[in-house]
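Subject: A structure for you to look at

Hi there,

Here is the structure I promised to pass on to you. Have a look at it first, and then read on for what turned up in it.

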Amino acid sequence: MQIAIAGGHGKIALILARLLSDRGEEVRSLIRKPDHEHDIREAGAEPVLCDLEAVGADELAEAVRGADAVVFAAGAGPGSGPERKETVDYGGAVKLIEAARADGIARYLMISAMGADPNAEGDGFAVYLRAKGRADEALRSSGLDHTIVRPGRLTDDPGTGKVQIGEHVERGEVPRADVAAVLAACLGAPNTIGRAFELVAGETPIGEAVSSL
(Lines give C-alpha, C1' and ligand atoms only; values in the text may rest on other atoms or scores of the structure.)
Protein backbone atom coordinates (compact mmCIF):
# COMPACT_ATOMS: atom_id res chain seq x y z
CA MET A 1 0.00 0.00 0.00
CA GLN A 2 0.90 3.65 -0.35
CA ILE A 3 -0.23 5.73 2.61
CA ALA A 4 -0.24 9.53 2.93
CA ILE A 5 -0.10 10.95 6.46
CA ALA A 6 -1.30 14.52 7.04
CA GLY A 7 0.47 16.06 10.00
CA GLY A 8 3.48 13.88 9.30
CA HIS A 9 5.82 15.39 11.89
CA GLY A 10 3.54 14.67 14.84
CA LYS A 11 4.69 12.12 17.40
CA ILE A 12 2.10 9.50 16.48
CA ALA A 13 2.64 10.14 12.77
CA LEU A 14 6.40 9.57 13.00
CA ILE A 15 5.92 6.29 14.86
CA LEU A 16 3.27 5.21 12.37
CA ALA A 17 5.51 6.05 9.42
CA ARG A 18 8.26 3.86 10.86
CA LEU A 19 5.88 0.96 11.52
CA LEU A 20 4.46 1.10 8.02
CA SER A 21 7.78 1.55 6.23
CA ASP A 22 9.29 -1.32 8.24
CA ARG A 23 6.59 -3.65 6.94
CA GLY A 24 7.17 -2.56 3.34
CA GLU A 25 4.51 0.08 2.79
CA GLU A 26 5.27 3.30 0.93
CA VAL A 27 4.66 6.28 3.18
CA ARG A 28 4.28 9.92 2.21
CA SER A 29 4.31 12.36 5.14
CA LEU A 30 2.89 15.86 4.69
CA ILE A 31 4.76 18.51 6.67
CA ARG A 32 4.73 22.31 7.01
CA LYS A 33 8.43 22.99 7.59
CA PRO A 34 11.43 22.04 5.44
CA ASP A 35 13.54 21.45 8.55
CA HIS A 36 11.30 18.47 9.40
CA GLU A 37 12.34 16.60 6.25
CA HIS A 38 15.26 14.85 7.94
CA ASP A 39 13.03 13.39 10.68
CA ILE A 40 10.58 12.12 8.07
CA ARG A 41 13.32 10.38 6.10
CA GLU A 42 14.71 8.90 9.32
CA ALA A 43 11.27 7.35 9.85
CA GLY A 44 11.46 5.77 6.39
CA ALA A 45 8.92 8.04 4.72
CA GLU A 46 8.96 10.54 1.86
CA PRO A 47 8.52 14.14 3.03
CA VAL A 48 6.06 16.32 1.13
CA LEU A 49 5.88 20.04 1.91
CA CYS A 50 2.19 20.88 2.24
CA ASP A 51 0.76 23.28 4.81
CA LEU A 52 -2.80 22.13 5.51
CA GLU A 53 -3.87 25.60 6.61
CA ALA A 54 -2.39 27.40 3.62
CA VAL A 55 -3.27 25.14 0.68
CA GLY A 56 -6.62 24.56 -0.94
CA ALA A 57 -8.24 21.17 -1.39
CA ASP A 58 -6.91 21.01 -4.98
CA GLU A 59 -3.30 21.43 -3.87
CA LEU A 60 -3.80 18.93 -1.08
CA ALA A 61 -5.26 16.48 -3.59
CA GLU A 62 -2.06 16.80 -5.61
CA ALA A 63 0.02 16.05 -2.50
CA VAL A 64 -1.83 12.79 -1.74
CA ARG A 65 -2.46 11.68 -5.33
CA GLY A 66 -1.77 8.00 -5.90
CA ALA A 67 -2.18 6.97 -2.26
CA ASP A 68 -4.29 3.96 -1.33
CA ALA A 69 -5.17 5.44 2.06
CA VAL A 70 -4.83 8.69 3.99
CA VAL A 71 -4.35 9.25 7.71
CA PHE A 72 -5.30 12.50 9.42
CA ALA A 73 -2.75 12.95 12.21
CA ALA A 74 -2.57 16.75 12.21
CA GLY A 75 -3.47 18.94 15.16
CA ALA A 76 -3.16 22.56 16.18
CA GLY A 77 -1.55 21.53 19.46
CA PRO A 78 -2.27 22.35 23.12
CA GLY A 79 -0.86 25.88 22.95
CA SER A 80 -3.02 26.99 20.04
CA GLY A 81 -6.05 29.26 20.17
CA PRO A 82 -9.63 28.59 19.05
CA GLU A 83 -8.93 29.88 15.53
CA ARG A 84 -6.35 27.17 14.84
CA LYS A 85 -8.55 24.47 16.31
CA GLU A 86 -10.99 25.49 13.58
CA THR A 87 -8.47 25.70 10.73
CA VAL A 88 -6.43 22.59 11.59
CA ASP A 89 -8.40 20.11 13.70
CA TYR A 90 -11.61 20.70 11.76
CA GLY A 91 -10.67 22.51 8.56
CA GLY A 92 -7.61 20.39 7.79
CA ALA A 93 -9.58 17.18 8.25
CA VAL A 94 -12.31 18.41 5.89
CA LYS A 95 -9.77 19.45 3.26
CA LEU A 96 -8.27 15.97 3.40
CA ILE A 97 -11.74 14.47 2.95
CA GLU A 98 -12.24 16.63 -0.13
CA ALA A 99 -8.80 15.74 -1.46
CA ALA A 100 -9.36 12.02 -0.95
CA ARG A 101 -12.71 12.14 -2.73
CA ALA A 102 -11.23 14.11 -5.62
CA ASP A 103 -8.48 11.53 -6.06
CA GLY A 104 -10.67 8.47 -5.60
CA ILE A 105 -8.92 7.49 -2.36
CA ALA A 106 -11.52 5.53 -0.43
CA ARG A 107 -9.68 4.71 2.81
CA TYR A 108 -9.41 7.42 5.48
CA LEU A 109 -8.18 6.97 9.05
CA MET A 110 -8.81 9.75 11.55
CA ILE A 111 -7.00 10.33 14.83
CA SER A 112 -9.76 11.89 16.88
CA ALA A 113 -10.05 12.21 20.66
CA MET A 114 -12.01 10.59 23.44
CA GLY A 115 -14.90 12.91 24.20
CA ALA A 116 -15.00 14.46 20.73
CA ASP A 117 -18.43 16.04 20.44
CA PRO A 118 -19.68 18.69 18.00
CA ASN A 119 -21.98 19.95 20.76
CA ALA A 120 -19.46 20.06 23.63
CA GLU A 121 -20.25 23.06 25.81
CA GLY A 122 -17.77 25.58 27.17
CA ASP A 123 -14.46 27.17 26.30
CA GLY A 124 -10.89 25.92 26.52
CA PHE A 125 -10.65 22.17 25.88
CA ALA A 126 -14.29 22.09 24.78
CA VAL A 127 -13.33 24.11 21.67
CA TYR A 128 -10.97 21.29 20.70
CA LEU A 129 -13.59 18.62 21.38
CA ARG A 130 -16.12 20.48 19.22
CA ALA A 131 -13.65 20.79 16.34
CA LYS A 132 -12.79 17.09 16.53
CA GLY A 133 -16.45 16.15 16.82
CA ARG A 134 -17.36 18.18 13.76
CA ALA A 135 -14.48 16.63 11.82
CA ASP A 136 -15.65 13.15 12.80
CA GLU A 137 -19.19 13.97 11.64
CA ALA A 138 -17.87 15.24 8.30
CA LEU A 139 -15.92 12.04 7.78
CA ARG A 140 -18.85 9.80 8.73
CA SER A 141 -21.05 11.53 6.16
CA SER A 142 -18.37 11.62 3.44
CA GLY A 143 -19.02 8.20 1.95
CA LEU A 144 -15.36 7.24 2.44
CA ASP A 145 -14.21 3.95 3.98
CA HIS A 146 -13.39 5.58 7.28
CA THR A 147 -12.10 4.53 10.67
CA ILE A 148 -12.19 7.01 13.57
CA VAL A 149 -9.79 6.27 16.44
CA ARG A 150 -10.44 8.15 19.69
CA PRO A 151 -7.54 7.68 22.09
CA GLY A 152 -7.54 8.66 25.74
CA ARG A 153 -4.85 10.86 27.28
CA LEU A 154 -1.68 10.39 25.26
CA THR A 155 1.65 9.56 26.88
CA ASP A 156 5.19 9.06 25.62
CA ASP A 157 5.58 5.82 27.59
CA PRO A 158 6.89 2.82 25.65
CA GLY A 159 4.17 0.92 23.86
CA THR A 160 3.00 -2.31 25.46
CA GLY A 161 1.30 -3.80 22.42
CA LYS A 162 -1.83 -4.27 24.52
CA VAL A 163 -4.90 -2.03 24.55
CA GLN A 164 -8.58 -1.78 25.34
CA ILE A 165 -10.84 -0.61 22.53
CA GLY A 166 -14.58 -0.28 22.17
CA GLU A 167 -17.33 2.11 21.22
CA HIS A 168 -17.11 3.45 24.78
CA VAL A 169 -14.41 2.56 27.30
CA GLU A 170 -13.48 3.95 30.69
CA ARG A 171 -11.27 7.03 30.51
CA GLY A 172 -7.56 6.39 30.76
CA GLU A 173 -4.14 6.84 29.21
CA VAL A 174 -2.55 5.23 26.19
CA PRO A 175 1.02 5.43 24.83
CA ARG A 176 1.34 7.14 21.48
CA ALA A 177 3.26 4.10 20.25
CA ASP A 178 0.22 1.90 20.84
CA VAL A 179 -2.07 4.38 19.07
CA ALA A 180 0.24 4.21 16.05
CA ALA A 181 0.23 0.41 16.18
CA VAL A 182 -3.58 0.36 16.28
CA LEU A 183 -3.73 2.64 13.23
CA ALA A 184 -1.31 0.39 11.37
CA ALA A 185 -3.44 -2.64 12.24
CA CYS A 186 -6.63 -0.88 11.09
CA LEU A 187 -5.19 -0.29 7.63
CA GLY A 188 -5.22 -4.04 7.07
CA ALA A 189 -8.50 -4.73 8.84
CA PRO A 190 -11.65 -4.33 6.70
CA ASN A 191 -13.81 -4.89 9.81
CA THR A 192 -12.76 -1.43 11.05
CA ILE A 193 -14.29 0.35 8.05
CA GLY A 194 -17.20 2.51 9.11
CA ARG A 195 -16.26 2.21 12.77
CA ALA A 196 -15.45 4.75 15.47
CA PHE A 197 -13.94 3.50 18.72
CA GLU A 198 -12.23 4.68 21.87
CA LEU A 199 -8.77 3.46 22.82
CA VAL A 200 -6.87 3.23 26.11
CA ALA A 201 -4.16 1.02 27.55
CA GLY A 202 -5.37 -2.48 28.35
CA GLU A 203 -4.57 -6.17 28.42
CA THR A 204 -5.64 -7.31 24.94
CA PRO A 205 -2.97 -7.68 22.21
CA ILE A 206 -3.52 -5.06 19.52
CA GLY A 207 -4.14 -7.49 16.68
CA GLU A 208 -6.74 -9.36 18.70
CA ALA A 209 -8.40 -6.14 19.88
CA VAL A 210 -8.69 -4.76 16.34
CA SER A 211 -9.96 -8.00 14.85
CA SER A 212 -12.64 -8.26 17.54
CA LEU A 213 -14.31 -4.96 16.58
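Before we start, one definition will help: a helix here is a DSSP run of at least four residues, marked H or I, and helices are numbered from the N terminus. Please also keep in mind that this is a predicted model.

Let's begin with helix 5, which covers residues 125-140. Phenylalanine 125 and tyrosine 128 both sit in helix 5, and because they are three residues apart there, about one helical turn separates them. How many aromatic pairs does the count give? The count comes to one. In that pair, the ring centres of phenylalanine 125 and tyrosine 128 are 5.3 Å apart and the planes stand at 35 degrees, so the pair is tilted. Planes under 30 degrees apart would count as stacked and those over 60 as edge-to-face. Is phenylalanine 125 buried or exposed? Its relative accessible area is 55%, so phenylalanine 125 is exposed.

Next, the helix packing. Two packed helices are described by the angle between their axes and the distance between the axes.

Helix 5 has helix 4 (residues 82-103) as a partner: their axes come within 9 Å and cross at roughly 10 degrees. That makes the two helices roughly parallel, because angles under 35 degrees count as such. Tyr128 turns up again here, as one of the helix 5 residues that meet helix 4. On the helix 4 side, the residues in contact include Pro82, Tyr90 and Ile97. By class, this contact has 11 nonpolar, no polar and five charged residues.

Helix 4 also meets helix 3 (residues 57-64), with axes that come within 8 Å and cross at roughly 60 degrees. Helix 3 and helix 4 are therefore oblique to each other, and the crossing is right-handed. Among the residues that meet are Leu60 and Val64 from helix 3, and Leu96 and Ala99 from helix 4. The contact of helix 3 with helix 4 divides into seven nonpolar, no polar and four charged residues.

What about helix 1 (residues 11-22) and helix 6 (residues 176-187)? Their axes come within 8 Å and cross at roughly 50 degrees, so these two helices are oblique to each other. Helix 1 passes helix 6 in a right-handed crossing. The helix 1 residues involved include Ile12, Leu16 and Leu20, while Val179, Leu183 and Leu187 are among those from helix 6. This contact has 12 nonpolar, no polar and two charged residues.

Finally, two single residues that are worth finding in the viewer.

Serine 142 lies in the loop between helix 5 and strand 6 (145-151). With a relative accessibility of 7%, serine 142 counts as buried. Which residues does serine 142 touch, leaving aside those up to four places away in sequence? They are Ile97 and Arg101. Isoleucine 97 is 45 residues from serine 142 along the chain, yet their C-alpha atoms are separated by 7.2 Å.

Glutamine 164 is in strand 8 (residues 162-166). At 39% relative accessibility, glutamine 164 counts as partly exposed. Leaving out residues up to four places away in sequence, glutamine 164 touches Val169, Glu198, Leu199, Val200, Ala201 and Gly202. Valine 210 is 46 residues from glutamine 164 in sequence, and the distance between their C-alpha atoms is 9.5 Å.

Enjoy exploring, and write back with any questions!

Best wishes

Conventions
Residues are numbered from 1 along each chain as its sequence is written. This is a predicted model: local features need pLDDT of at least 70, side-chain atom pairs count only at pLDDT 80 or more; totals for chains, interfaces and linings use all residues. Side-chain values use heavy atoms; hydrogens and water are left out. Axes are lines fitted to C-alpha atoms, for helices over the stretch in contact, and angles run from 0 to 180 degrees between N-to-C directions. Angles under 35 degrees count as roughly parallel, over 145 as roughly antiparallel, 65 to 115 as roughly perpendicular and the rest as oblique. A crossing is left-handed if the near helix is turned anticlockwise from the far one by less than a right angle, and right-handed if clockwise. Contact means heavy atoms within 4.5 Å. Ala, Val, Leu, Ile, Met, Phe, Trp, Tyr, Cys and Pro count as nonpolar, Asp, Glu, Lys and Arg as charged, and the others, Gly among them, as polar. Rings of Phe, Tyr and Trp (its six-membered ring) pair if their centres lie within 6.5 Å; planes under 30 degrees apart count as stacked, over 60 as edge-to-face and the rest as tilted. Buried means under 20% relative accessible area, exposed over 50%, partly exposed in between (1.4 Å probe, protein chains only).
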